[in-house]
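Colleague: I should like a close look at a single part of this model, namely the surroundings of the ligands. Please set it in the context of the whole chain.

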Amino acid sequence: MADDKGKGGAVPASGELDEQALFFHRYPRPGKLEIQAIKPLGNQRDLALAYSPGVAAPCLAIKDNPELAAAYTSRANLVAVVSNGTAVLGLGNIGPLASKPVMEGKAVLFKKFAGVDVFDIEIDAPGIDDMVKVISALEPTFGGINLEDIKAPECFEVERQLRDKMNIPVFHDDQHGTAIIVAAAILNGLALAGKKIGEVKIVASGAGAAALACLNLLVVLGAKRENIWVHDLEGLVYKGREVLMDPWKDVYAQDSANRVLADSIGGADVFLGLSAAGVLKPELLVQMAEKPLIMALANPKPEIMPEEARAIRPDAMICTGRSDYPNQVNNVLCFPYIFRGALDCGARTINEAMKMAAVKAIAGLAREEVNEVAAKAIGGETPIFGPDYLIPSPFDQRLILRIAPAVAKAAAETGVAARPIEDFEAYLDQLNRFVFRSGFIMKPIFAAAKVAQKKRVIFAEGEDERVLRAAQVLLEEEIARPILIGRPSIIETRLQRYGLRIRPGVDFELVNPQDDPRYKDYVDEYFSLVGRKGVIPEAARTVVRTNSTVIGAIAVRRGDADALICGVEGRFAKHLRDVSQIIGKREGVLELSALSLLISQRGATFFTDTYVKMVPTSEEIAEMTIMAASAIRRFGITPRAALVSHSNFGSRDSDSAEKMRSAMCMVKEQAPDLEADGEMHGDSAISELLRKRVMPDSTLTGEANLLVFPNIDAANISLGLVKTMTDSLHVGPILLGSALPAHILSPSVTSRGVVNMAALAVVEASAP
Ligand SMILES: NC(=O)C1=CN([C@@H]2O[C@H](COP(=O)(O)OP(=O)(O)OC[C@H]3O[C@@H](n4cnc5c(N)ncnc54)[C@H](OP(=O)(O)O)[C@@H]3O)[C@@H](O)[C@H]2O)C=CC1
Ligand SMILES: CC(=O)C(=O)O
Ligand SMILES: [Mg+2]
């Protein structure tokens, strides 16, 4: 493979890729999606509500007021991806049945990237009239229509007629989705090359749906028609040509004797390929202008492979439609989010203003720093806005946060939104919750952290990428004032490498362990704590130079910082020893413990003690239950605790069962208001039905959200199993019982996880 190939995970060679793709589509179940019920159908009553007779009520309500379909059915979030299979990728007219994998693929992307539900609909309707008849008849089912892979010129007429007939957005993705992302990439590419859109020469290969829509949008953005040279199977589109012409191509007909691509390419600033594989011969590139923008966008094989183009024109900026090269210019960057915005405001159409808002949002996002998820997905060095990073990665979660609100706003401003968004801050919150599953649960913590006057959080692993990224978020969102422990040169280099804006000394304080004026004071403080525990002065000096958790803990103890975050690297037990020695326990607390929060589709569940005490006593179990309950209240959640065991309400008499029973008695005595019960089986903790069968007068109602375990093995193993089996997000471990706020994270934490825990530490630090 050539140099610029294969960023973002190894992509196998073509034959091998085909084989893997067939396997991927076939196993473990054929296809890429299924339909899931979102309401319970567990008993006769549910059935009576969901189906006959109850279903008549929403039917009649909708009959009286059709707008209510958005309230009582999935329509407002349901899009049809419709194709007749006449121009499937660059594979040509392979028919509707063979197009189904592509349409299922689009459906998955809609769902994964924007939470939009899709039915893929492949129709055996090659002609315009049939297509219009079938698709327009679908209006009652859908909130929007995404036309896909329908060949030109028929697609133009189909879309025009459908837009006239239908009162929901009709969007031909290959035209407008492609045009939006191409326009964003061209705006950014020209800015980097220092060229003006009104002056550049654009040579296009392809005069179909995608190419013509892109050119039309570029003209709206200022490109001059006379500077645009369009080619198709017949060669140049010129005035007077009669073969394979149509009125849409004719708009770009040049009055010229040129006939083929080789005649027109000289001096071109932009090559726009939306045609077929291998059309752009490498030798033609020498004729292009300096710093040319080569957009070889045919799928799956581009007009020229990037390595061939790069070999001839090292100064070129190169884009393809593929996921295995940098600069993926593909409509996936647009269609999920433009529909998200349109559906959320009940848009009746997707108009020019909404498209332009999407162009600006995408182009602008590429100029921001790349976030962690996108950086990981791309692989290798974190990209920074430049020739190899003209547009955001499809894995950039901020695409939805930027595009959807911009589109909804433009819809409202142009009067096409049936349900205009009234509170954009709340809408952004909702989108954030979709992106970061922790968002909803963490919301009260973030809100409290923001009013806490930017407490100082010291990070022991200040050189770590996740910490650096988290520090930028904490500053931008005004949650905390980060203090990073680390070597200045390393931090400077990494900030640059990851394209982060924050600067030491200006935006955040930096503690250099090799050279800090407080060193002697810190050594004295440390020695006063450990001097009689076998640590000699010489060793204390070394520790305070080299152990950043010790430095951070002393800073918190001395009031130089308000909270400590450590554990991003290294073993939990080692960090715990330092935190215990220096920060210690709050007065009256028997033992530190750890609380872990798992956020899954079903909501939040807390587990304790997942990390600290091997086998806690009954007193310690009672204490950790009560401490965990008060930590849970900080999230605005009412704790419901189950003390879990192998014994179910006295069914066994082992020491461990007895320990949990007596812990339960202590909890009742010490925290009579806490809803708790035990000892009980794990399934009884979750299912009220099972619990009530054995213990009808249980003091616990509903599903327990705090599971208290008899020992660390049970707690930690359950946490790992549930987290993996339910694909949950872990927040924590939250250290309970320390004298001052300090949290020891785990090495698998993400930068978002670091932000979450720092926000929690800020809230703890500001608690009275
Ligand atoms: N990266 C992305 O996001 C997207 C990429 N595409 C890709 O763009 C290509 C075109 O798609 P679309 O516009 O929907 O399809 P259409 O069928 O509507 O248009 C295809 C166009 O390409 C021209 N063409 C085909 N073969 C050649 C060739 N050998 N030399 C010159 N021109 C040729 C056709 O010429 P003629 O008019 O004479 O038939 C036609 O103008 C496909 O490869 C598709 O995968 C499309 C959408 C998005
Ligand atoms: C990406 C896309 O829609 C296409 O190639 O047709
Ligand atoms: Mg397509």
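Modeller: In this predicted model, the protein is divided into four parts: domain 1 (31-36 + 45-168), domain 2 (176-329), domain 3 (444-582) and domain 4 (593-735). Between the C-alpha centres of domain 1 and domain 3 there are 53 Å.

The surroundings of ligand 1 involve two of these domains: domain 1 and domain 2 each supply at least three residues to its shell. There are 30 residues around ligand 1, and those that come nearest are Gly90, Gly208, Asp232, Ala298 and Gly321. Two or more residues of this shell are given by each of the elements α8 (173-193), α9 (209-220) and β6 (228-232). Of the elements, α9 provides the largest share, with 3 residues. Sorted by class, the shell around ligand 1 contains 15 nonpolar, 11 polar and 4 charged residues.

Ligand 2 has its own set of surrounding residues. They are Leu89, Asp149, Asp173, Asp174, Asn299, Gly321, Asn330 and Asn331. By class, this shell consists of 1 nonpolar, 4 polar and 3 charged residues. Gly321 deserves attention here, since this glycine is among the residues that come nearest to ligand 1 and also belongs to the surroundings of ligand 2.

A further position to consider is Lys106, where an unreviewed UniProt entry places the feature "active site". Lysine 106 lies in helix α5, which covers residues 100-114. Is this lysine buried or exposed? A residue counts as buried if 20 or more other C-beta atoms lie within 10 Å of its own. Lysine 106 has 23 such atoms within 10 Å, and therefore it is buried. When neighbours within four places in sequence are left aside, lysine 106 is in contact with Val81, Asp120 and Glu148.

Finally, helix α13 (residues 335-344) may be examined by the same criterion. Because 10 of its 10 residues are buried, helix α13 is largely enclosed by the rest of the structure. The buried residues of α13 include the aromatic residues Phe335, Tyr337 and Phe339, as well as Arg340 and Asp344. Pro336, Ile338, Gly341, Ala342 and Leu343 of α13 are likewise buried. After α13 comes glycine 346, which has a positive phi, near 60°.

Key: Residues numbered from 1 in each chain as written. Chains lettered and ligands numbered in written order. Predicted model: local features only at pLDDT ≥ 70, side-chain atom pairs only at ≥ 80, totals over all residues. UniProt positions renumbered as here; feature names shortened; annotations may be inferred. Helix = DSSP H or I, 4+ residues; strand = E, 2+ residues; numbered from the N terminus. Buried ≥ 20, exposed ≤ 12 C-beta atoms within 10 Å, placed from the backbone. Contact = placed C-beta atoms within 7 Å. Near = placed C-beta within 6 Å. Nonpolar A, V, L, I, M, F, W, Y, C, P; charged D, E, K, R; others polar. Domains from an automatic or database assignment.
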